[in-house]
Amino acid sequence: MLNTNFCKIELQNPLVLASGILGTSIEILKRVVANGAGAVTTKSIGPIEREGHNNPTVVEIENGLYNAVGLPTPGYLNMDEEFKRWSEISVPLIASIYGSSVEDYVKITKHLQKYKPALIELNISCPNKDDGMVFGTSPKLTKELVSAVKEVSQVPIMPKLTPNCSNIAEIALACEKAGADAICAINTVQKEIAHPNLKAPLLAYGKGGISGPIIKEIALEKVKEIRDVVEIPILGVGGITTGKDAIEMLKAGATLVGIGSGVYFRGMDIFKKVADEMKKIMQKEGIKSLNELK
Ligand SMILES: Cc1cc2nc3c(=O)[nH]c(=O)nc-3n(C[C@H](O)[C@H](O)[C@H](O)COP(=O)(O)O)c2cc1C
């Protein structure tokens, strides 16, 4: 009932672990699969070793999370032992990568080819690193980046977009024109939240990105804006914690639905829970497949 297809990749269900929520450890990704995820995304992999920001890096806020982890990474050249084990994951694995230059993204993409991820997600949308959104806020730079990466990849390419830009549809269109196979949207929504008592920022980095139910309406709106202008499929992410939310995201125009902060709010088995809730809603409405739902 929930099986689907994304860039010619078959999935048992449309629910995908979003990048960064549970790291890159194979054992954790396996647990997510055992808990019903249709696909998993790794934490974003970077060009060189990077520590990330000082604590506090993640705090709970009303209806969401607020984070500035800062893209810690061992660097792709130090991760081969982990990449080799990707083949143990029984569902499609999406490799998320980031960089500071076109060359960074190209180098990492080339390196990952032999490990055959199902897709490569280009994180051009991180609000928690000084240059994390440079590409994702410029249609010109996005187009240059996607064209260059596309040239060196046998694997489908999916840029991940930020809502922190003036026109996300324009960026999505630039991706499609440059040959992107899919779009992922959205990354966290940038905010600066002060600590209520200490007159200091809540996170050590000073600013951060919000996620979870508090951003659901923004994510749905951005996915609709993208759907209106591109033909390529969309992985819709942002604030999804229930079957009803997931169906809303599919109706907004997404083919797959990412779940990130929801793991914190409903536990690792959120994938099973959301799938069951989706099936119940569809049965009640007499809908037999996701195609029919659309
Ligand atoms: C703690 C944390 C770490 C994240 N790390 C990454 C990351 O490494 N790469 C990335 O593309 N997105 C990252 N994200 C963004 C999520 O993948 C997702 O786009 C965002 O949280 C919205 O979805 P959600 O509301 O379901 O959490 C992170 C989010 C959180 C909360």
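A residue is called buried when its relative accessible area is under 20%, exposed when it is over 50%, and partly exposed in between. Asp 269, in this predicted model, has a relative accessibility of 29%, and therefore counts as partly exposed. Asp 269 sits in the loop that connects α8 (262-266) with α9 (270-285). Its C-alpha lies 9.5 Å from that of Val 33, although 236 residues separate Asp 269 and Val 33 in the sequence.

The strands give the frame for the rest of the description. Eight of them form a closed barrel with parallel pairing, and going round it the order is β3-β4-β7-β8-β9-β10-β13-β14. From one strand to the next the twist averages 25°. As a general point, strands of a sheet pair through backbone hydrogen bonds, in either a parallel or an antiparallel manner. One pair in the barrel can be followed in detail: β7 and β8 run parallel and are joined by four bridges. Within this pair, Ala 95 is placed opposite Ile 120 of β8. Helix α3 packs on the sheet here, in contact with both β7 and β8, and its direction makes about 155° with that of β7.

Helix α3 covers residues 102-112, and eight of its 11 residues are buried, so the helix is largely enclosed by the rest of the structure. The buried set consists of Val 102, Asp 104, Tyr 105, Val 106, Ile 108, Thr 109, His 111 and Leu 112. An α-helix has 3.6 residues a turn, so residues three or four places apart point the same way. The cover over the buried residues of α3 includes the strands β7 (93-97) and β8 (119-123), together with the helices α2 (80-84) and α4 (139-152).

Further round the barrel, another helix is placed against two strands. Helix α5, residues 168-177, lies across β9 (157-161) and β10 (183-185), and it runs at about 165° to β9.

Next come the open spaces. The largest pocket holds about 560 Å³ of space. It is lined by 35 residues, of which Ser 19, Gly 20, Ile 21, Asn 67 and Thr 188 are the closest to its centre. At least two lining residues come from each of β5 (58-61), β6 (64-67), β14 (256-259) and α8. The largest share, three residues, is that of β5. Sorted by class, this lining contains 17 polar, 15 nonpolar and three charged residues.

The second largest pocket has a volume of about 160 Å³. Its lining combines Asn 3, Thr 4, Asn 5 and Glu 10 with Leu 250, Ala 254 and Thr 255, and with Ser 289, Leu 290, Asn 291 and Lys 294. Strand β1 (4-6) and helix α10 (290-293) each contribute at least two of these residues. The lining divides into six polar, three nonpolar and two charged residues.

Enclosed space is the last item. There are three cavities of 30 Å³ or more, and the largest cavity has about 50 Å³ of space. Among the 13 residues that line the largest cavity, Gly 99, Tyr 105, Asn 123, Asp 131 and Gly 132 are the closest to its centre. Tyr 105 has already appeared as one of the buried residues of α3. The lining of this cavity is made up of eight nonpolar, three polar and two charged residues.

Conventions
Residues are numbered from 1 along each chain as its sequence is written. This is a predicted model: local features need pLDDT of at least 70, side-chain atom pairs count only at pLDDT 80 or more; totals for chains, interfaces and linings use all residues. Side-chain values use heavy atoms; hydrogens and water are left out. Buried means under 20% relative accessible area, exposed over 50%, partly exposed in between (1.4 Å probe, protein chains only). Contact means heavy atoms within 4.5 Å. Two strands pair if DSSP finds at least two bridges between them. Axes are lines fitted to C-alpha atoms, for helices over the stretch in contact, and angles run from 0 to 180 degrees between N-to-C directions. On a 1 Å grid over the protein atoms alone, a cavity is a set of points where a 1.4 Å probe fits but cannot get out, and a pocket is an open set with protein on both sides within 12 Å along at least five of seven lines; lining residues have an atom within 4 Å of a point. Grid points are joined across faces, edges and corners, and a volume is the space filled by probe spheres set on the points. Ala, Val, Leu, Ile, Met, Phe, Trp, Tyr, Cys and Pro count as nonpolar, Asp, Glu, Lys and Arg as charged, and the others, Gly among them, as polar.
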